[in-house]
Amino acid sequence: MPHSFGYRARTRHMFKRGFKDHGMIKMSTYLVPYRIGDIVDIKANAAQQKGMPHKYYHGRTGIVYNVTPHAVGVIINKVVGNRYIEKRVNLRVEHVRHSKCRQEFLDRVKRNSQIRAEAKANGDKLPSLRRIQALPREAHTISTKDNAAQTIVPVRYETTI
């Protein structure tokens with residue numbers, strides 16, 4: 001059997017809409033402001049075929065370099081062979097959304113600045129703001145005294161008619 005190598009080949013599940021998310025695109029999608037330098041995630045919306053990205057870019061994250069009335073230009077790094085190539089793709093706003101990849105970093109910066117301000121106000125020494133990896137749990141032994149073994153079996157099926 002021959003098969004196609006078209007622009008949307010093998011995207012049956014990739015481009016499908018979410019559960020209870022079919023039909024027209026919400027107005028709020030068009031009201032989101034995008035600025036140059038914003039980090040965006042590319043997720044194709046099958047309800048709008050115009051300005052749709054190639055399947056390679058679906059799920060990728062890039063940086064906005066151009067904003068037009070209906071679309072945004074996004075820079076994405078693509079692995080080709082042994083190198084990265086900077087690709088510039090123009091996508092309609094229906095197919096992009098602000099990325100949450102920097103949110104944890106921004107929250108940490110805000111929290112650290114608040115800790116610094118509190119330490120300065122109290123005249124305390126600045127605490128270490130480095131992130132510390134979670135340590136393994138402490139070693140311990142489990143006593144079998146007054147702790148009898150339990151046999152676990154499945155509950156019998158009963159009809160309640």
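The following paragraphs lead through a predicted model, beginning with its strands and moving on to its nonpolar core, its largest pocket and some residues outside the strands.

A convenient place to start is the pairing of the strands. Strand β3, which runs over 71-80, and strand β4, which runs over 83-92, pair in the antiparallel sense over 10 bridges. The two strands form a hairpin with 2 residues between them, and in that turn G81 has a positive phi of about 70°. Two positions help to locate the register of this pairing: V72 stands opposite L91 in β4, and I76 stands opposite K87 in β4. Strand β3 also has a partner in β2, since the record of bridges gives β2 and β3 an antiparallel pairing over 4 bridges. Here too the two strands form a hairpin, with 3 residues between them, and I63 has I75 in β3 as its bridge partner.

With the strands in place, the largest nonpolar core can be followed residue by residue. This core has 12 residues in all, namely Y34, V40, I42, Y57, V64, V72, V74, I76, V89, L91, V93 and V96. Strands β1 (39-42), β3 and β4 each supply at least two residues of the core, and β3 gives the most, with 3 residues.

Three members of the core are worth a separate look, and Y34 is one of them. Leaving out residues up to four places away in sequence, Y34 touches V40, V67, V72, V93, V96, R97 and H98. Of these contacts, V40, V72, V93 and V96 also belong to the largest nonpolar core.

Y57 is another member of the core, although its place is in the loop between β1 and β2 (61-67). Is this loop residue buried or exposed? Y57 counts as buried because its relative accessibility is 8%, where the cut-off for a buried residue is under 20%. Not counting residues up to four places away in sequence, Y57 touches I42, I76, K78, K87 and V89, a set that includes K87, the residue that I76 stands opposite in β4. The C-alpha atoms of Y57 and I76 are separated by 8.2 Å, while the two residues are 19 residues apart along the chain.

V64, also part of the core, is found in strand β2. With a relative accessible area of 2%, V64 is buried. Leaving aside neighbours within four places in sequence, V64 is in contact with R35, I36, G37, D38, V40, V72, G73 and V74; among them, V40, V72 and V74 are fellow members of the core. A much longer separation can be given for the pair V64 and T141, whose C-alpha atoms are separated by 55 Å, with their positions 77 residues apart along the chain.

The largest pocket has a volume of about 450 Å³. Of the 25 residues that line this pocket, D21, T29, N45, E94 and R97 are the closest to its centre. R97 is also one of the residues that Y34 touches. Which kinds of residue make up the lining of the largest pocket? The lining divides into 10 nonpolar, 7 polar and 8 charged residues.

Outside the strands, two residues in the segment before β1 have notable backbone angles. Most residues other than glycine have a negative phi. R10, which lies in the segment before β1, has a phi near 60°, a positive value in a residue other than glycine. K20, also found in the segment before β1, has a positive phi as well, near 55°. Both residues can be placed by accessibility: R10 is exposed because its relative accessible area is 56%, and K20 counts as exposed at 73% relative accessibility, the cut-off for exposed being over 50%.

The tour ends with K145, which is found in the segment after α1 (103-122). K145 is exposed, with a relative accessible area of 66%. Measured by C-alpha position in the model, K145 and L31 are 66 Å apart in space, and they are 114 residues apart in sequence.

Conventions:
Residues numbered from 1 in each chain as written. Predicted model: local features only at pLDDT ≥ 70, side-chain atom pairs only at ≥ 80, totals over all residues. Heavy atoms only, no water. Core = buried A, V, L, I, M, F, W, Y, C linked by side-chain atoms within 4.5 Å. Buried < 20%, exposed > 50% of the residue type's maximum accessible area, 1.4 Å probe, protein only. Contact = heavy atoms within 4.5 Å. 1 Å grid on protein atoms, 1.4 Å probe; cavity = no way out; pocket = protein on both sides within 12 Å on 5 of 7 lines; lining within 4 Å. Points joined across faces, edges and corners; volume = space filled by probe spheres on them. Nonpolar A, V, L, I, M, F, W, Y, C, P; charged D, E, K, R; others polar. Pairing = 2+ DSSP bridges.
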